[in-house]
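Hello,

Here is the structure I said I would pass on. My notes on it are below; please read them with the coordinates open.

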Amino acid sequence: MTRRGDALPASQCHRARVLLFPALMIAVLAFAAGDCQSGGFLSASNPQLYDRSKRSPSGDTGRLILVGSNGSKPNSITPQARDEALSIFAERCAVCHGVDGDGAGPAAASLKPKPANFRSRKWQSSMSDERIATIIVNGGTSVGLSASMASNPDLAGQPDVVAALVEHIRKFGK
């Protein structure tokens, strides 16, 4: 037993850090998720993510789709959104999915299940753009996939960037 002010032994200090880090990350993500909710429609020229579960009586469970105020999908992605999407992919996605989208990023070796290989035609054909967008914003658990695929709640209000990320992911399959 240590007295107040005494240093913890190295093994206990490491254990405390290992336990504290996930709790801290969960708290940060929960705070960010609560602060980054999208709200309502914008104009057709400025689409945003629309959470059907909050507005549809159909009972849809939280899937996000890209729509404009007239219900249409965005037909153009700005160069700025593409640039931001490339930056986000390099910073957040490539660590697991690899720079080339092959699912062999530096962190992939320690993950089970392994990250998706965006170059796989089978994977590409099994995923809709809507599902990819949902996974990007809400994380893997939102569609029954691994919790290792983190959510990006800060992108919920940036549908053009999400659409550009989906477009980038689709290019790996060509």
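The notes start with the model as a whole and then go to the core, the pocket and one loop residue.

This is a predicted model, so please check the confidence before using any region. The mean pLDDT of the protein chain is 74, and 57% of its residues reach 70 or more. Over residues 27–65 the pLDDT is below 50, although this stretch has 66 contacts in the model beyond near neighbours in sequence. The pLDDT is also below 50 over residues 67–72, a stretch with 15 contacts in the model, again beyond near neighbours in sequence.

The protein chain has six helices and two strands. Along the sequence they come in the pattern α-β-α-β-α-α-α-α. Of the 174 residues, 32% count as buried. If one takes the contacts between residues at least 6 apart in sequence, 47% of them join residues at least 24 apart.

Next, the core. In soluble globular proteins, nonpolar side chains tend to be buried together. The largest nonpolar core here has 25 residues, and those touching the most other members are Phe89, Ile132, Ile136, Leu155, Val161, Leu165 and Ile169. Helix H3 (79–97), helix H5 (129–138) and helix H6 (159–171) are the elements that give two or more residues to this core. H6 gives the most, with seven residues. For a look at one of these members, take Ile169: leaving aside neighbours within four places in sequence, Ile169 is in contact with Phe89, Phe118, Trp123, Gln124, Ile132 and Ile136.

Then the pocket. The largest one has a volume of about 600 Å³. It is lined by 24 residues, of which His97, Ile135, Ser148, Met149 and Ala150 are the closest to its centre. By class, the lining has 17 nonpolar, five polar and two charged residues. H3 and H5 each supply at least two residues of this lining, and H3 gives the most, with five.

Last, a residue outside the helices. Asn152 is found in the loop between H5 and H6. Is Asn152 buried or exposed? Asn152 counts as buried because its relative accessible area is 12%, under the 20% cut-off. Not counting residues up to four places away in sequence, Asn152 touches Arg92, Ile136 and Val137. Of these, Ile136 is also among the core residues that touch the most other members and is one of the contacts of Ile169.

Regards

Definitions and conventions. Residues are numbered from 1 along each chain as its sequence is written. This is a predicted model: local features need pLDDT of at least 70, side-chain atom pairs count only at pLDDT 80 or more; totals for chains, interfaces and linings use all residues. Side-chain values use heavy atoms; hydrogens and water are left out. A nonpolar core is a set of buried Ala, Val, Leu, Ile, Met, Phe, Trp, Tyr and Cys residues joined through side-chain atoms within 4.5 Å. Buried means under 20% relative accessible area, exposed over 50%, partly exposed in between (1.4 Å probe, protein chains only). Helices (H or I, at least four residues) and strands (E, at least two) are DSSP runs, numbered from the N terminus. Contact means heavy atoms within 4.5 Å. On a 1 Å grid over the protein atoms alone, a cavity is a set of points where a 1.4 Å probe fits but cannot get out, and a pocket is an open set with protein on both sides within 12 Å along at least five of seven lines; lining residues have an atom within 4 Å of a point. Grid points are joined across faces, edges and corners, and a volume is the space filled by probe spheres set on the points. Ala, Val, Leu, Ile, Met, Phe, Trp, Tyr, Cys and Pro count as nonpolar, Asp, Glu, Lys and Arg as charged, and the others, Gly among them, as polar. pLDDT is the predictor's confidence in each residue, from 0 to 100.
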